[in-house]
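Reader: I am new to this structure and would like a close look at a single part of it, the place where two helices pack together. Could you take me through that part with care?

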Amino acid sequence: MKTVTIQIGNTDDKLRQAQWAQFVMDLDTVVKLDCGQVHFCGHSAGDAPWQNYCVVAECDDLGWLQMQLSELAKKHGQDSIAMTAGNTVFAS
């Protein structure tokens, strides 16, 4: 199981508020369907001049997830979605 961090943003204001909200909801749906345990979801402050959203989860099939994220980016007129994947190590 790999840990993934997925990040989306609307810093270029391509998406109106309702479109941004749908993008976030669609990302959450992809994560719930394609990933295991979700460890964190968070977004930029409401008074920030931009919109960002981040999810940290566990995932077995990174290739499938990357394909789903690519399709999601296209659906919402975005150039890309950032995904970082790696092994979680516990320091003790």
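Author: Helix H1 and helix H2 are roughly antiparallel to each other, a term for angles over 145 degrees. This is a predicted model, in which local features need pLDDT of at least 70, side-chain atom pairs count only at pLDDT 80 or more, and totals for chains, interfaces and linings use all residues. Residues are numbered from 1 along each chain as its sequence is written, and side-chain values use heavy atoms, with hydrogens and water left out.

The axes of H1 (residues 17–34) and H2 (residues 62–75) come within 11 Å and cross at roughly 165 degrees, where axes are lines fitted to C-alpha atoms over the stretch in contact and angles run from 0 to 180 degrees between N-to-C directions. Helices here are DSSP runs of H or I with at least four residues, and strands are runs of E with at least two, numbered from the N terminus. On the H1 side, the contact (heavy atoms within 4.5 Å) is made by Phe23, Asp26, Leu27, Val30 and Asp34, and on the H2 side by Trp64, Leu65, Gln68, Leu69, Leu72 and Lys75.

Leu27 and Leu65 also appear, with Ile6, Ile8 and Ile81, among the residues with the most contacts inside the largest nonpolar core, which has 20 residues; such a core is a set of buried Ala, Val, Leu, Ile, Met, Phe, Trp, Tyr and Cys residues joined through side-chain atoms within 4.5 Å, buried being under 20% relative accessible area with a 1.4 Å probe, protein chains only. H1 gives the largest share of this core, 6 residues. Ile81 touches both Phe23 and Leu72, among others, not counting residues up to four places away in sequence.

Notes
Parallel < 35°, antiparallel > 145°, perpendicular 65-115°, else oblique. Buried < 20%, exposed > 50% of the residue type's maximum accessible area, 1.4 Å probe, protein only.
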